[in-house]
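Here are my notes on the two-chain model you sent over. Have it open while you read, and tell me where you disagree.

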Amino acid sequence: MLKYVLRRLIMLVGIVFIISVGSFYLIHLLPGDPATVILGTGASPANRAILYKQLGLNKPIIEQYFVWIGNVLHGNLGTSFISQTSVASTIRAAYPIDLELIFLSQVLAFAAAIPLAMRSARKPNGLLDRLLSAGSFTLLSIPPFIIIVLLVLIVSIKLGVANTGPSSFVSFTSNWRVNLTSLALPSITLATASFVLYFRVLRSDMIATLQEEFITMARSKGLSQRRIMWRHAFRPSSVALLGTAGVNIGGLLAGGFVVQYLLGIPGLGYTLISAIASSDYLLVQGIVLVVSVGVVLINFFFDFLTSLVDPRISRE
Amino acid sequence: MSDLLDQSPEIEPLREQRLGPLFWICVGWLSLNVLGAIFANVLPLVNPLYQNYNAINAGPSLHHLFGTDDLGRDILSRVVFGSRVSLAVGSGAMLIGFGIGMPLGMLAAYRRGRLDTILTAVMYVLLAFPAIIAVIAVISFWTPRTLFKIIVVIGLASVPLVYRVIRSATLAVATKDYVTAAKVQGSTDRRILFRELLPNIAPIAVSFLLIGVATVVTLEGALAFLGLSVNPPTPSWGNMINESRTVMAQNPWLVIFPSLALCLFLLCLNFIGDRLRSYFDVTEVKL
């Protein structure tokens with residue numbers, strides 16, 4: 001177990017290192033002198049000097065990386081030359097919204113997927129199972145950006161439900177009711193994609209589990225259906241679900257970009273897309289770095305969690 | 001006791017696997033899409049960029065079967081021309097992904113040894129990288145954006161996934177008796193790779209290819225929706241949906257038709273891929 005965690009930890013460090021190199025190198029993908037592109041052609045020499053110092057641009061590229069990573073490790077991701085605010089503080093203000101969105105969508109997705117998948121798995125190829133399988137397969141083919149557009153079109157435009165349309169977002173602390181209403185459609189959108197994934201994984205895993213001998217054993221002991229389903233069948237199947245949920249985080253964040261963009265919810269996604277639109281490259285770089293490392297850390301955490309639930313994984 | 005019998009897992013009745021009519025409908029729809037994209041120029045369609053100021057935000061009519069957008073452009077024509085972007089990205093990116101990932105995956109699984117260890121470790125690290133964020137990052141910095149760059153970036157991002165699927169598929173085949181027999185006969189490595197392994201992993205490769213195309217097209221759609229794909233006025237399904245955001249209330253058709261086109265396209269790809277996979281019954285390979 002310890003050896004497994006240690007090996008994963010070494011890999012984690014390697015991946016984070018590669019992400020940092022990749023994020024650092026992004027600035028050099030820009031055509032021409034980074035300083036000119038970032039600041040524009042009419043930049044004052046003073047600003048240029050600041051940027052050169054900030055990025056270490058007059059040094060060899062390997063040294064530049066160490067200047068940059070040194071700053072990053074001290075929590076300094078640079079100062080945006082467009083908004084004149086520090087990139088780190090912008091990110092700190094934005095990321096709780098992403099977390100709230102992910103949390104809400106996952107609660108919805110699990111609340112729908114677990115009972116439905118268990119019910120489906122009890123009678124594979126029954127009416128309910130066929131309906132749900134066909135429905136989830138269809139949902140699989142509807143990208144989040146279409147779901148959110150259609151939801152906004154129907155709920156906030158045609159039905160006129162208040163506070164669900166674009167730019168109705170307020171922070172949780174200022175008015176939690178409006179906050180939750182404005183996040184309802186985005187959460188449902190993100191939940192749909194997760195639901196399909198969780199439903200399919202849990203359903204097929206449960207069908208396999210229910211054919212195991214220990215289930216027949218439990219049945220022959222006369223245990224109640226409920227106890228068999230939850231205690232005996234769901235527990236082993238939940239490992240697959242947990243693993244899927246961990247891998248799904250990256251997709252959730254990307255789906256979050258889309259819904260935030262459409263509704264003007266100022267999370268990391270919205271901030272990223274507007275930073276790209278306004279050529280605020282340092283902010284883009286900062287968000288890319290933070291989000292990528294975040295995804296990798298969350299994946300690592302879920303891996304660790306699954307190996308705790310199912311010790312067989314770490315012995316592989 | 002009867003309860004016990006009722007609840008016991010049902011055994012799937014043995015029946016001949018058929019592809020079914022729905023499969024062929026999907027194949028037909030996809031072919032129509034492909035033909036439409038290729039021959040969009042010669043089809044009797046209005047120029048997708050032509051702005052008819054006498055018909056702005058018009059609903060579906062005989063003149064404009066799908067209606068017009070806020071600039072008076074024909075939506076049907078834009079949907080047909082828009083499919084070109086999706087198809088180009090889908091096929092181009094998968095060509096790169098399979099072109100690199102497939103030979104590497106097959107070689108690694110066939111040769112094993114150090115090559116396999118190193119390649120698999122590298123791909124594993126790349127897989128842990130959140131690909132979508134990497135794609136957005138590279139596309140936003142690598143200016144100016146062109147269709148070619150988008151295809152290259154998405155294609156490269158798909159290599160580790162293709163590698164993993166092909167490698168595990170090849171591994172399942174490489175230990176079969178007929179491969180050993182071919183080796184004993186003294187067949188060359190190239191012959192074994194092309195004549196023994198390739199035909200046997202082809203079904204898995206094809207079904208994964210279709211699902212890969214669907215994934216890539218979705219990704220391009222999302223990028224276009226975020227304004228990060230081909231620049232307007234060139235139509236693509238994603239950027240049509242993006243442009244319609246502001247006039248959604250007055251003209252819902254502008255959202256509905258490109259969304260429908262994209263969803264049907266994806267549904268058919270996913271359905272065919274899924275059906276092929278169960279048709280060839282590739283259960284021993286974990287995808």
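**Notes on the model**

1. Let's begin with the interface: 44 residues of chain A are in contact with 36 residues of chain B. Keep in mind that this is a predicted model, and the numbers below are computed from it.

2. Where does the chain A side of that contact come from? Seen by element, two or more residues each are given by α1 (2–26), α6 (127–140), α7 (144–158), α9 (213–220), α10 (225–263), α11 (268–277) and α12 (281–309) of chain A. Of these, α12(A) gives the most, with eight residues.

3. The make-up of that side is worth a look too. Sorted by class, the residues of chain A that touch chain B are 33 nonpolar, ten polar and one charged.

4. Now to chain A on its own. The domain assignment splits chain A into domain 1 (2–73) and domain 2 (94–315). Their C-alpha centres lie 33 Å apart.

5. The two domains of chain A do touch: 13 residues of domain 1 are in contact with 13 residues of domain 2. On the domain 1 side, α1(A) gives the most, with ten residues. That domain 1 side has ten nonpolar, two polar and one charged residues. Note that α1 (2–26) also turned up in the list for the side of chain A that touches chain B.

6. Have a look at α10(A). What would a straight helix of 39 residues span, and what does α10(A) span? At 1.5 Å a residue the straight version would span 57 Å, but α10(A) spans only 44 Å between its end C-alpha atoms.

7. Where does α10(A) bend? Go to F234(A): the helix bends there by about 55 degrees. A proline, P236(A), follows within four residues of that point. After the end of the helix, α10(A) is followed by G264(A), which has a positive phi, near 65 degrees. Recall that α10 (225–263) is also one of the elements giving two or more residues to the side that touches chain B.

8. Over to chain B. How many helices and strands does chain B have? The count is ten helices and zero strands, so to speak a plain run of α-α-α-α-α-α-α-α-α-α when read along the sequence.

9. As for overall dimensions, the C-alpha atoms of chain B fill a box of roughly 75 × 60 × 40 Å along the principal axes. Of the 287 residues in chain B, 43% are buried. Taking contacts in chain B between residues at least 6 apart in sequence, 69% join residues at least 24 apart.

Key:
Residues numbered from 1 in each chain as written. Chains lettered and ligands numbered in written order. Predicted model: local features only at pLDDT ≥ 70, side-chain atom pairs only at ≥ 80, totals over all residues. Contact = placed C-beta atoms within 7 Å. Nonpolar A, V, L, I, M, F, W, Y, C, P; charged D, E, K, R; others polar. Domains from an automatic or database assignment. Expected span 1.5 Å × (residues − 1). Bend = angle between axes of the 7 residues up to and from the residue. Buried ≥ 20, exposed ≤ 12 C-beta atoms within 10 Å, placed from the backbone.
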